[in-house]
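Reader: I'd like to go through a model with you and learn how to read its features one at a time. Could you put it up?

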Amino acid sequence: MTDVVLHIYDVTNSGSEKTNNTIVQINKIFKDGIGLGGIFHSAVQVFGEDEWSFGFCEQGTGVFSCPSGKNPMYTYREFIVLGKTNFSIFKVNQILRELSREWPGSSYDLLSKNCNHFCDEFCERLDVPKLPGWVNRFANAGDTAMEVAGNTALRFRQAKTEIVSASKVAYRFLLGVTNNVTNNVKNGPESPNNSNRGGSPRFQASWLKNIIPNGAKSSTSSEADNQNGVMPLPPTREDDKALLHSSSSHDS
């Protein structure tokens with residue numbers, strides 16, 4: 001069995017002395033004064049004198065090591081013994097090789113996949129307690145806020161889509177009601193023209209009637225019959241005989 005040690009740093013790699021001092025003060029107030037947490041870098045030491053952590057790089061793994069408590073990019077704060085692991089050094093090296101493949105440097109994310117998340121994963125595989133909550137509390141709070149914002153935006157887009165769909169259905173319904181009312185007024189409720197022949201032909205017929213000039217010549221009865229779809233029957237032989245008989249009577 002060997003100790004698993006967590007090394008914690010203040011994040012002071014901003015490149016600005018003023019910003020770095022501000023971060024140190026924030027950590028003192030929120031961690032030392034209130035106990036909520038702060039902005040920290042962490043690394044895990046197990047077997048040997050090196051600590052292991054995770055950071056951003058464009059290519060290759062983001063897992064790296066350095067002498068424990070001596071990372072030059074940050075300001076060392078403290079260490080915590082998390083527990084003891086029963087794994088051999090061979091098994092620990094195997095776990096580190098697996099993590100190196102699973103944690104590429106390009107996948108680094110300040111809120112959802114940072115050095116503290118890596119140390120949590122490493123400790124879980126070593127079968128020791130995870131990091132204290134205050135170490136990564138700010139990142140977790142920020143990640144939760146981003147998730148809530150994303151879910152809210154998704155719900156808003158879904159609600160907007162449903163409103164648009166409902167509006168289209170309502171428009172089609174009202175259009176159908178309007179067409180039916182228009183046809184009932186023009187043709188009467190009992191008119192055969194109101195039979196179920198679809199909305200579009202009736203609407204087109206009404207539209208065509210509306211554009212006929214008021215001064216247009218009135219149709220004859222036969223033309224009206226034709227317009228109403230009733231074609232006159234052709235004359236029969238009996239009609240011819242009757243017509244001839246009437247003509248001969250008048251001539252005599």
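Reader: Let me start with a single residue: is D127 buried or exposed?

Author: Keep in mind that this is a predicted model. The general idea is that a relative accessible area over 50% counts as exposed. D127 has 61%, so it is exposed.

Reader: And where does D127 sit?

Author: D127 is in the loop between helix 3 (115-125) and helix 4 (137-187).

Reader: What about the phi of D127?

Author: General idea to begin with: most residues other than glycine have a negative phi. D127 is not a glycine, yet its phi is positive, about 65°. Walking along the chain, you meet this residue following helix 3.

Reader: Which residue in the loop between strand 2 and strand 3 has a positive phi as well?

Author: That's F47, with a phi of about 60° although it is not a glycine. Strand 2 (40-45) and strand 3 (50-54) flank the loop that holds F47. The two strands make a hairpin with four residues between them, and F47 is in the turn. As for cover, F47 is partly exposed, because its relative accessibility is 30%.

Reader: Let's zoom out. How many helices and strands are in the chain?

Author: Seven helices and five strands. In sequence order the pattern reads β-α-β-β-β-β-α-α-α-α-α-α. The chain has 252 residues, and buried ones make up 26% of them.

Reader: In what sense do strand 2 and strand 3 pair, and over how many bridges?

Author: For pairing, you need at least two bridges between the strands. Strand 2 and strand 3 are antiparallel, with two bridges. To find your place on screen, look for Q45, which stands opposite E51 in strand 3.

Reader: How many bridges join strand 3 and strand 4?

Author: Five, again in the antiparallel sense, with strand 4 covering residues 63-67. A handy marker there is W52, whose bridge partner in strand 4 is S65.

Reader: Now a helix. Which residues of helix 3 are buried?

Author: The helical idea first: an α-helix has 3.6 residues a turn, so residues three or four places apart point the same way. In helix 3, the buried residues are C115, N116, H117, F118, C119, F122 and C123. Try colouring them and looking down the helix.

Reader: What happens at the start of helix 3?

Author: A side-chain oxygen of N114 comes within 2.9 Å of the backbone nitrogen of N116.

Reader: On to rings. How many aromatic pairs are there?

Author: Check both the distance between ring centres and the angle between planes; over 60 degrees counts as edge-to-face. The count here is eight aromatic pairs. Y9 and Y76 make one that is edge-to-face, at 5.2 Å centre to centre with 80° between the planes. Y9 is in strand 1 (residues 2-10) and Y76 in strand 5 (residues 75-85), so this pair ties together parts 67 residues apart in sequence. Their cover is worth a look too: Y9 is buried at 0% relative accessible area, while Y76 is partly exposed at 33%.

Reader: Which geometry do F54 and Y108 have?

Author: Tilted: the centres are 5.8 Å apart and the planes are at 35°. This pair links distant parts of the chain, 54 residues apart, with F54 in strand 3 and Y108 in the loop between helix 2 (89-102) and helix 3. F54 counts as buried at 1% relative accessibility, and Y108 as partly exposed at 28%.

Reader: Which aromatic cluster includes F54 and Y108?

Author: The one they form with W103, F118 and F122. F118 and F122 were also among the buried residues of helix 3.

Reader: Last stop, the surface. Which residues form a nonpolar patch?

Author: I29, I34 and L36, with about 280 Å² of accessible area together. To join such a patch, a residue needs over 30% relative accessible area. I29 has 47%, which makes it partly exposed. This residue lies in helix 1 (residues 17-33).

Reader: And what is the case for F30?

Author: F30 is in helix 1 too, and is partly exposed at 30%. Now pick W134 as well: it is 104 residues away along the chain, with 9.3 Å between the C-alpha atoms of F30 and W134.

How values were computed
Residues numbered from 1 in each chain as written. Predicted model: local features only at pLDDT ≥ 70, side-chain atom pairs only at ≥ 80, totals over all residues. Heavy atoms only, no water. Patch = residues over 30% accessible without salt bridge, like charges linked within 9 Å, V, L, I, M, F, W, Y side chains within 5 Å. Areas by Shrake-Rupley, 256 points an atom, 1.4 Å probe, with all protein chains shown as cover. Salt bridge = Lys/Arg side-chain N within 4 Å of Asp/Glu carboxyl O. Buried < 20%, exposed > 50% of the residue type's maximum accessible area, 1.4 Å probe, protein only. Polar contact = N/O pair within 3.5 Å; in protein donor to acceptor, adjacent residues only side chain to side chain. Phe/Tyr/Trp six-rings, centres within 6.5 Å; stacked < 30°, edge-to-face > 60°.
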